[in-house]
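Me: Please take one part of this molecule and go through it closely with me, explaining each term as it comes up. I would like to follow how its pieces are arranged beside one another.

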Amino acid sequence: MKQITILFSILLMICCKSASTKEEKKQIQNQPKIEANVLEKAVLASGKLIRVDSFPSKNVVPRHVDVWLPGNYSSAKKYAVLYMHDGQNLFDATTTWNKQEWMVDEIATKLMKEGTVKDFIVVGIHNIPKIRWQDLYPEKAMDFLSKEDKEAIYEEAKKSNFSVDLKGDEYLSFLVTELKPYIDATYSVYTNKENTFVAGSSMGGLMSMYAVAEYPAVFAGAACFSTHWVGGSPKENNPLPGAIFNYLEANLPDSETHKMYFDYGNKTLDAFYPQYAPKVDAIFKNGGYDDTNFKNLYFEGTDHSEKSWQKRLELPFTFLLKK
């Protein structure tokens with residue numbers, strides 16, 4: 001009788017595995033074909049840039065996705081993955097709107113050659129300017145507004161003909177359920193949380209924070225440059241920062257398993273951010289974070305630009321990806 005039971009269990013496992021394999025194959029077949037091409041004319045210090053034009057998505061408006069592979073990339077080993085927002089500004093200043101870039105390839109290459117950080121690739125998700133705010137605003141933070149404040153914001157947006165059709169949750173679904181599986185299947189990368197990170201500036205800083213808060217089992221940490229805590233246009237009696245902070249307090253990633261980097265300057269748009277630094281510090285310190293897994297750095301005299309962020313990019317790269 002015992003032998004019959006064991007045999008039945010084995011047959012059941014085989015059947016389940018077969019059904020699972022068929023389902024996985026069916027899902028792969030149903031996915032749209034994704035074509036990627038090397039950007040031969042990209043001006044890089046090192047490595048290779050590969051682009052998927054209009055990455056297909058059921059969640060967000062399709063947009064370009066760039067994948068930077070370091071010069072030492074080899075399918076014989078595994079790499080960590082850093083997802084970055086505003087991908088068109090990361091690598092090549094000759095193609096950006098303001099002729100500035102983050103110099104991601106230069107700095108990442110330097111740190112890897114020095115042996116300071118893990119080997120990693122960078123996935124740059126392009127923004128769509130007309131809907132960037134809607135894509136990158138931490139959508140669930142709106143639930144922490146009072147009814148009166150929410151109605152006032154929506155009414156003001158309506159008068160200004162500004163859409164408040166938020167897509168932050170859909171953007172993250174795109175990143176986690178569509179883009180990440182493609183990257184994991186296409187490149188020689190680690191797929192676990194410990195080797196998956198996210199970064200961005202301004203609204204991209206907010207979204208990077210939101211990504212870890214919403215998907216703490218997917219991302220081990222975030223680098224949030226010049227985080228746009230004001231949420232929208234800076235103004236007096238703005239309820240959005242309070243809502244964002246209340247959301248963050250309620251959804252703070254576990255300090256035992258995550259690292260969070262923030263920074264800010266005090267010129268141009270960054271001039272509105274120093275006032276929020278004590279609140280950010282308090283939230284993370286009260287949540288069990290310390291200097292080993294949390295940074296909120298101030299850079300005197302720096303503005304809201306790629307040139308400012310490139311000058312301090314080495315710090316979060318080392319903080320998140322240190323060997």
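Reply: A good place to begin is strand β8 (residues 259–264), which is joined to β9 by 5 bridges, the two strands running parallel. Within this pair, D263 stands opposite L297 in β9. The model is a predicted one, in which local features need pLDDT of at least 70 and side-chain atom pairs count only at pLDDT 80 or more, while totals for chains, interfaces and linings use all residues. Residues are numbered from 1 along each chain as its sequence is written, and side-chain values use heavy atoms, with hydrogens and water left out.

The two strands belong to an open sheet of 9 strands, which follow the order β1-β2-β3-β5-β4-β6-β7-β8-β9 with mixed pairing. Two strands are said to pair if DSSP finds at least two bridges between them, and the strands themselves (E, at least two residues), like the helices (H or I, at least four residues), are DSSP runs numbered from the N terminus. At the edges of the sheet are β1 (36–38) and β9 (294–298), each of which pairs on one side only. On average, neighbouring strands of the sheet are turned by 15° against each other, direction ignored.

Helices lie across this sheet. Helix α6 (residues 203–214) lies across β4, β6, β7 (221–225) and β8, and runs at about 155° to β6. Helix α5 (residues 168–186) lies across several strands, including β1, β2 (48–55) and β3 (63–69), and runs at about 140° to β4. Such angles run from 0 to 180 degrees between N-to-C directions, and the axes are lines fitted to C-alpha atoms, for helices over the stretch in contact; contact means heavy atoms within 4.5 Å.

From α6 we can step to its helix neighbour. Two packed helices are described by the angle between their axes and the distance between the axes. The axes of α6 and α7 come within 10 Å and cross at roughly 30°, which means that α6 is roughly parallel to α7 (angles under 35 degrees count as roughly parallel, over 145 as roughly antiparallel, 65 to 115 as roughly perpendicular and the rest as oblique). The crossing of α6 past α7 is left-handed, a word used if the near helix is turned anticlockwise from the far one by less than a right angle, whereas clockwise gives right-handed. On the α6 side the contact is made by L206, M209, Y210, A213 and E214, and on the α7 side by I244, Y247 and L248. These residues divide into 7 nonpolar, no polar and 1 charged, where Ala, Val, Leu, Ile, Met, Phe, Trp, Tyr, Cys and Pro count as nonpolar, Asp, Glu, Lys and Arg as charged, and the others, Gly among them, as polar.

Helix α7 (residues 240–250) also packs with helix α8 (residues 277–286), at an angle of about 15° and with the axes 10 Å apart, so α7 is roughly parallel to α8. Here α7 passes α8 in a right-handed crossing. F245, L248 and E249 of α7 make the contact with K279, V280, I283 and F284 of α8, and the residues of this contact comprise 5 nonpolar, no polar and 2 charged. L248 thus appears on the α7 side of the contact with α6 and also of the contact with α8.

To place this part in the whole, the chain has 10 helices and 9 strands.
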